[in-house]
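Here are a few friendly notes to read with the model open beside you. Take the points in order, and find each residue on screen as you go.

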Amino acid sequence: MNNNEGSGGKKPYYLTTAIAYTSGKPHIGNLYEIVLADAVARFKRKDGYDVVFQTGTDEHGQKIQEKAEQAGMTPQQFVDDMAAEVRRNWDALNVSYDRFVRTTDPMHEKKVQQIFKKLYDQGDIYKGSYEGWYCNPCESFFTESQLADGKCPDCGAEVKKASEEAYFFRMSKYAGRLMQHIQEHPEFIQPESRKNEMVNNFLKPGLQDLCVSRTSFSWGVPVDFDPGHVVYVWLDALTNYITFAGYQPEGENEPEYRKYWPADLHLIGKDILRFHTIYWPIFLMALGEPLPKQVFGHPWLLMGGGKMSKSKGNVMYADHLAQLFGVDAVRYYLLREMPFANDGTITYELLMERVNSDLANILGNLVNRTTTMCQRYSGGVIGAPGEEEGTDAELKTLCLETPGKVRQAMDGLKVGEALEHIFALLRRANKYIDETTPWILGKDPAQKARLDTVLYNLLESIRFAAALLEPFMPETAQKIFAQLNTRQTSLESLESFGGIKAGGSVGQPEILFARIDAAQKTEEIQAMLQAEAKEEAAPEQPPHEPKETIVYDDFDKVELTVAKVLHCEAVPKSKKLLRFELDLGYEKRQILSGIAQWYRPEDLIGHNVVIVSNLAPRKMMGLESNGMILSATCGENDVRVMLADQAVPGAHLS
């Protein structure tokens with residue numbers, strides 16, 4: 001076990017998610033995992049750990065090659081676009097990853113080849129041929145007996161008979177060692193039900209040798225000593241946890257690897273548990289490397305009781321939800337509603353209920369009432385607490401006990417339980433207001449000392465709650481700290497009651513979460529879904545055909561002007577449009593352009609573009625566009641804006 005200390009004497013903590021498969025845009029069910037991991041990483045940092053939080057994208061395999069062909073793109077172009085989309089979604093939910101990895105990274109591919117050769121040289125991999133049933137979505141082979149009603153036992157998809165020359169890994173050689181490790185480390189696979197499933201369904205019946213190369217497609221890491229073979233996508237993908245951390249198949253491992261490996265936690269979906277708790281540990285055993293300390297197979301987030309699937313039309317996307325409800329409200333729902341071991345459910349109606357009941361009524365109401373009373377009765381000045389009375393001690397005790405309860409829940413990855421402890425404190429603080437009636441105390445000058453005590457206890461309780469909430473709802477916590485005007489936000493500052501400085505002042509009250517009007521929000525949701533459906537149903541552009549020849553006088557009517565991009569942003573409810581604010585030298589102008597598929601808003605800010613400046617205005621998505629930005633079609637699915645950075649705004653092209 002690695003006992004090295006991280007930076008500043010802190011204990012290292014290495015946390016990973018499964019890397020996202022780049023076959024399509026991730027939906028909110030995929031995003032539960034990254035938000036859960038982010039909450040764990042933020043809490044561990046707050047608790048004094050030196051955290052490395054790694055996530056990224058899995059970019060090889062037959063399915064990706066087929067998707068790229070369907071899109072008329074090279075596989076590399078396809079995964080470049082998808083990796084950018086995954087990262088955009090991670091960022092949309094304020095995920096604080098330390099490292100975003102991609103398996104098409106040349107460094108990773110080289111190490112995968114070295115690992116494959118090392119395992120081959122030591123006899124763990126051998127060459128043979130395979131005949132069995134292949135599931136394309138899972139990129140896995142199955143025997144007849146492993147199929148469920150003739151379909152893939154993992155995802156339920158149709159399978160097809162496949163036969164090809166392949167390399168195999170001797171899984172049975174390490175099965176006994178793995179079983180012993182699981183028995184000696186009961187915390188290795190969590191929750192307990194997942195461990196029982198792996199042992200009873202896979203290890204006890206006996207492991208078959210695993211096919212670890214393919215020849216029927218080319219988009220993968222080549223087996224460099226046998227042309228025509230590519231490395232099995234799961235061997236390639238799983239090794240990301242060590243290749244990017246500094247593992248060296250040949251030579252001495254890098255210092256970072258020696259500090260952080262073995263990983264403290266692999267956080268994955270329950271559907272890929274077999275790969276992470278059987279294949280991956282056995283690969284590591286063969287390499288002579290320590291096994292990760294824990295693999296946690298989290299449950300699924302279901303849409304109204306069913307697993308999310310775009311083909312079923314029951315998919316929610318992170319950017320849509322964040323736009324409708326706010327980032328922290330979405331994070332809170334995901335983390336609060338998911339049980340420890342069972343699947344959770346999300347619907348728009350349930351999300352609205354949670355925002356109103358928990359975030360508006362309990363959290364937002366407490367913070368707003370307290371800071372408003374401080375402003376109204378004390379001019380915003382925080383009075384010194386006086387003699388303890390009544391229920392003061394009960395509130396203080398709960399404040400001091402809650403950090404330990406939250407830490408214990410987080411150590412067990414019971415994130416919903418951790419949030420429940422925090423909201424129990426918030427509910428108790430709201431009850432304390434009813435018990436102490438500060439609005440009555442504020443009318444009696446003789447009760448000023450008691451009023452100061454009550455308000456101080458409330459402010460301090462809010463500080464405790466906000467400091468504990470920060471890993472789950474970071475933006476909301478910062479807003480609360482600003483209203484409390486405090487920097488006492490570390491877990492260490494919660495070891496005693498009294499962190500807020502008497503004599504200081506509170507900031508201006510701010511409504512953190514407004515109550516949602518369900519009917520109005522439902523209309524907004526429907527409008528967004530309809531706009532997206534209409535956009536997706538828009539017909540593809542027909543192939544280019546030369547237009548009718550024009551004379552110079554026709555061309556002379558077009559005014560082409562150089563304009564500087566001052567600002568650029570995505571248009572709400574549109575997947576295609578970007579809104580530009582442009583400086584033409586002699587005036588400012590707004591133009592909308594359907595290039596969001598190829599550019600992020602920040603990519604073009606500061607550049608000079610060429611526009612048709614005398615084009616008649618037109619409305620798009622309720623916004624007026626005054627002109628057209630010139631761009632060029634470069635290939636089947638690539639568009640590039642015509643830049644004119646050498647010219648000055650206002651210059652006319654002729």
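1. Please start at H229. Its side chain makes a polar contact with the side chain of E165, at 2.9 Å. A second polar contact, also given as 2.9 Å, links the side chain of H229 to that of S213. Keep in mind while you look that this is a predicted model.

2. Where does H229 lie? You will find H229 in a loop, the one between strand β10 (213–214) and strand β11 (230–231).

3. Is H229 buried or exposed? H229 counts as buried because its relative accessible area is 2%, and buried means under 20%. Leaving aside residues up to four places away in sequence, H229 touches K127, E165, A166, Y167, S213, R214, T215, V221, P222 and V223. Two names in that list should be familiar: E165 and S213 are the polar partners from point 1.

4. Now step back to the whole chain. There are 654 residues, and 53% of them are buried. The secondary structure amounts to 20 helices and 26 strands. Along the principal axes, the C-alpha trace spans about 90 × 85 × 50 Å.

5. Next, consider contacts along the sequence. Among contacts in the chain with a separation of 6 or more, 75% are between residues 24 or more positions apart.

6. Then look inside. In soluble globular proteins, nonpolar side chains tend to be buried together. Here the largest nonpolar core has 101 residues, and the members that touch the most other members are I28, F325, L363 and F472. Which helix gives the most to this core? That is helix α17 (residues 448–469), which supplies 13 residues. Another core, of 55 residues, lies apart from the largest one, and V52, M179, I189 and W234 are among its members.

7. Finally, turn to the outside. The accessible surface of the chain is about 29200 Å², and carbon and sulfur atoms account for 49% of that. I550, Y552 and F555 make a nonpolar surface patch of about 340 Å². F555 sits in helix α20 (residues 552–556). Why is F555 called partly exposed? The relative accessible area of F555 is 39%, so F555 falls between the cut-offs of 20% for buried and 50% for exposed.

8. As a last exercise, compare two residues you have met: H229 is buried, at 2%, whereas F555 is partly exposed, at 39%. Try finding both in the model.

Methods. Residues are numbered from 1 along each chain as its sequence is written. This is a predicted model: local features need pLDDT of at least 70, side-chain atom pairs count only at pLDDT 80 or more; totals for chains, interfaces and linings use all residues. Side-chain values use heavy atoms; hydrogens and water are left out. A nonpolar core is a set of buried Ala, Val, Leu, Ile, Met, Phe, Trp, Tyr and Cys residues joined through side-chain atoms within 4.5 Å. Buried means under 20% relative accessible area, exposed over 50%, partly exposed in between (1.4 Å probe, protein chains only). Helices (H or I, at least four residues) and strands (E, at least two) are DSSP runs, numbered from the N terminus. Patches are made of residues with over 30% relative accessible area and no salt bridge: like charges are joined within 9 Å, nonpolar side chains (Val, Leu, Ile, Met, Phe, Trp, Tyr) within 5 Å. Accessible areas come from the Shrake-Rupley method with a 1.4 Å probe; for residues, only the protein chains shown count as cover. A salt bridge is a side-chain nitrogen of Lys or Arg within 4 Å of a carboxyl oxygen of Asp or Glu. A polar contact is a pair of N or O atoms within 3.5 Å; within protein, one must be able to donate a hydrogen and the other to accept it, and residues adjacent in sequence count only if both atoms are side-chain atoms. Contact means heavy atoms within 4.5 Å.
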